Amino acid sequence: MTQARLTPTAKPRIAIMGEFSAGKSTLCNLLLRARPLPEKVTATRLPPIWMSQAPGENHGVTLDGDSYPVDVNALDEIPFDKTRHVRLFFDADILDHCDFIDFPGISDPNMDAEVWERVLVEADAVLWLTHATQAWRQSEAAVWDTVPEEVQEKSVLLITRYDKLVTEQDKTRVLARVKKETDGLFEKVFPISLTDALDGFEDYDLWQSSGAADFTDHLVEMIAALGNSREKNVENQSDDKSEALQADPVVVRSVGPRAPGEEQERQPLRVIPRRVRPQGMMRRGRPGAISA
């Protein structure tokens with residue numbers, strides 16, 4: 001089934017996907033540095049939740065593209081079978097540079113796959129989460145096979161709850177198997193303990209050992225590359241080729257905590273070189289940053 005994008009934007013859209021209990025809510029907590037949804041609704045059946053930088057008015061989008069206001073504390077009342085997605089706005093540094101779309105669990109037998117399939121077209125890349133103790137099931141592989149190849153090659157597979165594998169031998173075996181079975185299907189594969197990563201904001205060694213450091217360093221580069229690609233598309237599709245364009249570089253910094261002894265103002269890990277704006281447009285007061 002082919003769907004058209006509803007909301008053109010230069011910001012990359014990154015989908016968060018996986019089966020039920022793979023850790024999607026915990027990953028959102030990690031990336032936004034806060035719990036995006038009230039605890040009582042995180043386990044309810046919801047349509048895809050599209051997270052963008054505040055300010056903005058929270059709203060739902062119907063299958064026909066109409067908008068209606070939503071109360072974040074009453075998301076469980078939303079008719080997921082009649083709603084394409086819910087757009088929520090948060091004040092989070094990382095959302096200066098990208099949007100996240102949190103998809104419902106693909107394995108829910110009570111939810112038609114069309115609920116999330118119709119929004120998948122919006123994604124530029126995917127963070128796919130698979131549970132370490134039953135990593136990369138056939139049901140996951142079958143769904144991933146429906147994702148466009150150009151999205152697959154920019155996407156990341158996270159083997160979550162990696163700490164649940166007791167021995168180093170088990171960890172090595174699972175990682176080797178998953179990498180072999182997904183060879184060519186993802187840009188990168190990262191084992192990670194998301195709960196340790198959350199605690200690691202106060203413990204740099206734990207942040208490193210959780211696997212979050214390697215993943216978030218790659219995520220910064222991934223957002224920069226996706227942003228570059230989308231900026232070039234916007235420039236190439238401009239109707240007014242005579243309009244003078246200038247570039248404002250956007251500084252992207254690490255998502256995680258600073259290393260012991262690291263300077264207060266962290267040096268940028270990556271700069272997106274093309275933030276295109278028409279000549280004469282007001283500059284932003286400061287470049288947005290993904291900071292600790």
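Two strands are taken to pair if DSSP finds at least two bridges between them. In this predicted model, strand β2 (residues 49–53) and strand β6 (residues 99–102) meet that criterion, pairing in the antiparallel sense over three bridges. Within β2, Trp50 lies opposite Ile101 of β6.

The two strands belong to an open sheet of nine strands, arranged in the order β4-β3-β5-β2-β6-β1-β7-β8-β9 with mixed pairing. Its edges are formed by β4 (67–69) and β9 (188–191), each of which pairs on one side only. On average, neighbouring strands of the sheet are turned by 25° against each other, direction ignored.

Helix α1 (residues 24–32) packs on this sheet, where it touches β1 (13–18), β2, β5 (83–90), β6, β7 (125–131) and β8 (156–160). The direction of α1 makes about 145° with that of β1. Helix α5 (residues 168–181) also packs on the sheet, with contacts to β8 and β9, and its direction makes about 160° with that of β9.

Helix α5 comprises 14 residues and spans 20 Å from its first C-alpha to its last, close to the 20 Å expected at 1.5 Å a residue. Its buried residues are Lys171, Val174, Leu175 and Val178. These residues lie on the same side of α5 because they cover an arc of only 95° around the axis. In an α-helix, residues three or four places apart point the same way, since there are 3.6 residues a turn. The cover over the buried residues of α5 includes β8 and β9. The face of α5 turned away from the buried side carries the exposed residues Gln169, Thr172 and Lys180.

Methods. Residues are numbered from 1 along each chain as its sequence is written. This is a predicted model: local features need pLDDT of at least 70, side-chain atom pairs count only at pLDDT 80 or more; totals for chains, interfaces and linings use all residues. Side-chain values use heavy atoms; hydrogens and water are left out. Helices (H or I, at least four residues) and strands (E, at least two) are DSSP runs, numbered from the N terminus. Axes are lines fitted to C-alpha atoms, for helices over the stretch in contact, and angles run from 0 to 180 degrees between N-to-C directions. Contact means heavy atoms within 4.5 Å. The expected span of a helix is 1.5 Å times one less than its number of residues. Buried means under 20% relative accessible area, exposed over 50%, partly exposed in between (1.4 Å probe, protein chains only). The arc is that of the directions from the helix axis to the C-beta atoms.
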